[in-house]
Amino acid sequence: MNKKLKNIATYIIFLGIGLFLFYRVYKGVDPKEMWAEMQKANLWYIGASFVMGYLAIVSRGIRWKLLLQPMGYNPNIWNSIHSVAFAYFSNTFVPRSGELARCGALNQTDDIPVDKLFGTVITERVIDFIMLFIFMAIALFGSSAAFLNLMDEASLDASKMKWIWIGGIMAVVGFSALIMLRKRLMSSALGQKIRPFLLGIREGLISVFKMKRKWAFIGHTVFIWLMYYGMSYVVFQGIPGLEDTPPMLILIVMIAGGLGMIFPSPGGIGSYHGATEFAFDILGLGLEIGKVYAAIVWFTQAAMIIITGAIGLAWITIVKVKKRNLSAHGKKPD
């Protein structure tokens, strides 16, 4: 099987899994009733979620520019922003294609080597995982009182608590095993192969703190994740029945949805809905309203990504055409 057929087969498999998960979440739900519930949401709050999602993309584009500057590259800020928007657009249709898509786009508009661009994208991903773990720690410690309250009200039955304990124990055991076996793992054949990759990531993280504008970079990183939380928070405020949800429980739902998006189904279809429904169930917020919330958030962000991504693609195309025309006349682009 050649690479193209393999990629098509992989796409079909993950799309199928995503659609199956979507079916499992919404099985037995009347589409008309679901639409009627979705229409009850306050459009101003939904619009605010849309705007926050795009502000996170803008901030990512600026942060990418900051990460490239110490390497001697200074891309046009809008080329950087629209390349990031195009990456999300690409990921919606072809999972995991966005990283290469944004690197290819900025390479064509600003002549920055793809390998350099991809290295910064890896650094960004590592930093985002660190932020995810920080938010998870905040949720864990900040929502302990809420968890105890839920247990007192019997919102968490024995079967649900069992899965929480199993997940926690597996995480602790897995992390401990990695720490104890790290030397043996790194000396293995596989460890030797990934060692340069891990060292590159470490150098990328160290370089962040050596940047002249490191506080701007850190500020944008925090802003991006605050926007992610804000996107969830305002939707909770806009759905009747969810307005009084404690902020820390909203954070848990946000994290669950983010983890669902990691699964490579196109646009997170099914995986996002399933992870969000599971969080609503575990937290005792209600399965039915959880389905409504997941549908609204997914649809709003999908619309935002498609609209802003299409604009980004148009921008990149125009810049490339202008650049080619200038080159044909022996002129250098501005």
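How many salt bridges does a search of the whole structure find? The exercises below work towards this and other points.

The structure is a predicted model, in which local features need pLDDT of at least 70 and side-chain atom pairs count only at pLDDT 80 or more, while totals for chains, interfaces and linings use all residues. Residues are numbered from 1 along each chain as its sequence is written, and side-chain values use heavy atoms, with hydrogens and water left out.

**Exercise 1. Describe the chain as a whole.**

Solution. Begin with the elements: the chain has 14 helices and 0 strands, where helices (H or I, at least four residues) and strands (E, at least two) are DSSP runs numbered from the N terminus. Next, turn to burial, for which a residue is called buried under 20% relative accessible area, exposed over 50%, and partly exposed in between (1.4 Å probe, protein chains only). Of the 334 residues in the chain, 41% are buried. The chain exposes about 19,100 Å², and carbon and sulfur atoms supply 70% of that area; accessible areas come from the Shrake-Rupley method with a 1.4 Å probe, and for residues only the protein chains shown count as cover. Finally, take the contacts, meaning heavy atoms within 4.5 Å: among those between residues at least 6 apart in sequence, 72% join residues at least 24 apart.

**Exercise 2. Check the length of helix α3 and find what caps its N-terminal end.**

Solution. The expected span of a helix is 1.5 Å times one less than its number of residues. Helix α3 covers residues 43-68, so its 26 residues should span 38 Å, and this agrees with the 38 Å between its end C-alpha atoms. At the N-terminal end of α3 the cap is Asn42, which places a side-chain oxygen 2.8 Å from the backbone nitrogen of Trp44.

**Exercise 3. Follow the salt bridges between α3 and α6, then those elsewhere.**

Solution. A salt bridge is a side-chain nitrogen of Lys or Arg within 4 Å of a carboxyl oxygen of Asp or Glu, and the search of the whole structure finds 9 of them. In general, side chains of opposite charge can pair when their charged atoms come close. One of the salt bridges joins the side chains of Glu124 and Arg63, at 4.0 Å from N to O. This pair links distant parts of the chain, for Glu124 is in helix α6 and Arg63 in helix α3, 61 residues apart. Both partners are buried, Glu124 at 0% relative accessibility and Arg63 also at 0%. Arg63 meets Asp128 in a salt bridge as well, at 3.5 Å from N to O. Because Arg63 lies in α3 and Asp128 in α6, the pair ties together parts that are 65 residues apart in sequence. Asp128, with a relative accessible area of 8%, is buried.

Further along the chain, Lys291 forms a salt bridge with Glu277, whose closest N and O atoms are 2.5 Å apart. Since Lys291 is in helix α14 (residues 287-328) and Glu277 in helix α13 (residues 271-282), this pair ties together parts 14 residues apart in sequence. Lys291 is buried at 7%, and Glu277 is buried at 15%. To finish, salt bridges that share partners join Arg60, Arg63, Glu99, Arg102, Glu124, Arg125 and Asp128 into one network.

**Exercise 4. Decide whether Thr120 is buried or exposed, and name its contacts.**

Solution. Thr120 is found in helix α6, and its relative accessibility of 4% means that Thr120 counts as buried. Leaving aside neighbours within four places in sequence, Thr120 is in contact with Trp64, Leu67, Leu68 and Met71. With Trp64 there is also a polar contact of 2.8 Å between the side chains; a polar contact is a pair of N or O atoms within 3.5 Å, where, within protein, one must be able to donate a hydrogen and the other to accept it, and residues adjacent in sequence count only if both atoms are side-chain atoms.

**Exercise 5. Place Ile81 among its surroundings.**

Solution. Ile81 lies in helix α4 (residues 77-93) and, at 2% relative accessibility, counts as buried. Not counting residues up to four places away in sequence, Ile81 touches Tyr54, Ile57, Val58, Gly61 and Ile62. With Gly61 the C-alpha to C-alpha distance is 3.9 Å, although Ile81 and Gly61 are 20 residues apart in sequence.
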